[in-house]
Amino acid sequence: MKTPTIASRAILAAAIISCASSAAFAQAAAPAPPPAPTPRLADGTPNFGRVPGEKGVWNVGWVADFGDRVVGHEVPAAQRKTGYNPNAPGAESQPWVPTMPWSAAVYNYNLKNQGKYDPEGYCLPPGGPRMMATPYPMEILQLPEQKRIVMTFEGATHIWREIFMDGRPHPTGDALNPTYLGHSVGRWEGDTLVVDVVGFNEATWLDPIGHPHTDQLHLIEKLTRVNKNVLHYEVTIDDPGAYTKPWTVSWDINWRANAELTEYICQENNKYLHRLTDDFDKPLFR
């Protein structure tokens, strides 16, 4: 057998490198496997939580301004508000949000103040539907034998909400005690969970930027687990006290496998309140 020359060795090395690069490219270019299908409970109902033997939580994302997510008027991701920018355009830049003069003015005021008076900044609950846009993990626990669904949130002042699935109506009159999260009744429409919510107090903002609402707020939420990895959330906001007509926003929430809820304490070491001042530079808390 002849000893390879320097030239033949170079050719051989180049061929090996070329083959390795081609294999790496083919591997990198291979399409990702499709997500697993929507898991289901024994009765065929979509399972919005974990499957037996697995961990996992819903990785709720940050939605700063619901006006950027109005169905039919979705703002491109690169142009959405991601935080408090006092120079950002106000309500006049979102004509598809049917504000009244007073609610548009409140939105603009909250925007210019960079969320200074945001109730959630004082460890108060985010309320609905903002709880679905506050970036902390969330679990959904279905209890079909009890005809109810419980949603547990790690952040957002570690709250939970209960959705009654037994066909009961909303309380009326004095029995409908206004709360941060309202009174929720749900039903299934195919594979979509539809939740009707009323009975809100006025102590929350709709979103972090500061869209207001009144105690006339009525929500219709629709939750669909598209596949194992994606929960699609859509909510119609109907508040005749603050908006001239209903408007609908939506976004996707991703599944975070192998994660669990952890302890979160909002109230601990909350020193911000001690130096907070009003528009006249006077302390809000004494």
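Which residue in β9 does Thr 236 stand opposite?

1. Thr 236 stands opposite Thr 248 of β9. This pair comes from a predicted model, as do the other features in this note.

2. The overall arrangement is a barrel: 9 strands close up in the order β1-β2-β3-β4-β5-β6-β7-β8-β9, with mixed pairing. From one strand to the next, the twist averages 30°.

3. Strand β6, residues 192-198, runs antiparallel to β7, and 6 bridges connect them. Val 195 has Glu 221 in β7 as its bridge partner.

4. Strand β7 covers residues 218-227 and strand β8 covers residues 230-238; the two are antiparallel and joined by 9 bridges. The connection from β7 to β8 is a hairpin through 2 residues. Glu 221 appears again here, with Val 235 in β8 as its bridge partner. A reader tracing the sheet can thus step from Val 195 to Glu 221 and on from Glu 221 to Val 235.

5. On the β9 side, β8 is joined by 8 bridges to residues 247-256, and these two strands also run antiparallel. The pair in the opening question, Thr 236 and Thr 248, belongs to this part of the sheet.

6. Away from these strand pairs, Gln 94 deserves a look. Gln 94 lies in the loop between β1 (57-59) and α2 (101-112). Is Gln 94 buried or exposed? Its relative accessible area is 3%, so Gln 94 counts as buried, the cut-off being under 20%.

7. Beyond its neighbours within four places in sequence, Gln 94 is in contact with Asp 65, Gly 67, Asp 68, Lys 81, Tyr 107 and His 211.

Conventions: Residues numbered from 1 in each chain as written. Predicted model: local features only at pLDDT ≥ 70, side-chain atom pairs only at ≥ 80, totals over all residues. Heavy atoms only, no water. Pairing = 2+ DSSP bridges. Helix = DSSP H or I, 4+ residues; strand = E, 2+ residues; numbered from the N terminus. Buried < 20%, exposed > 50% of the residue type's maximum accessible area, 1.4 Å probe, protein only. Contact = heavy atoms within 4.5 Å. Axes fitted to C-alpha atoms, helices over the stretch in contact; angles between N-to-C directions.
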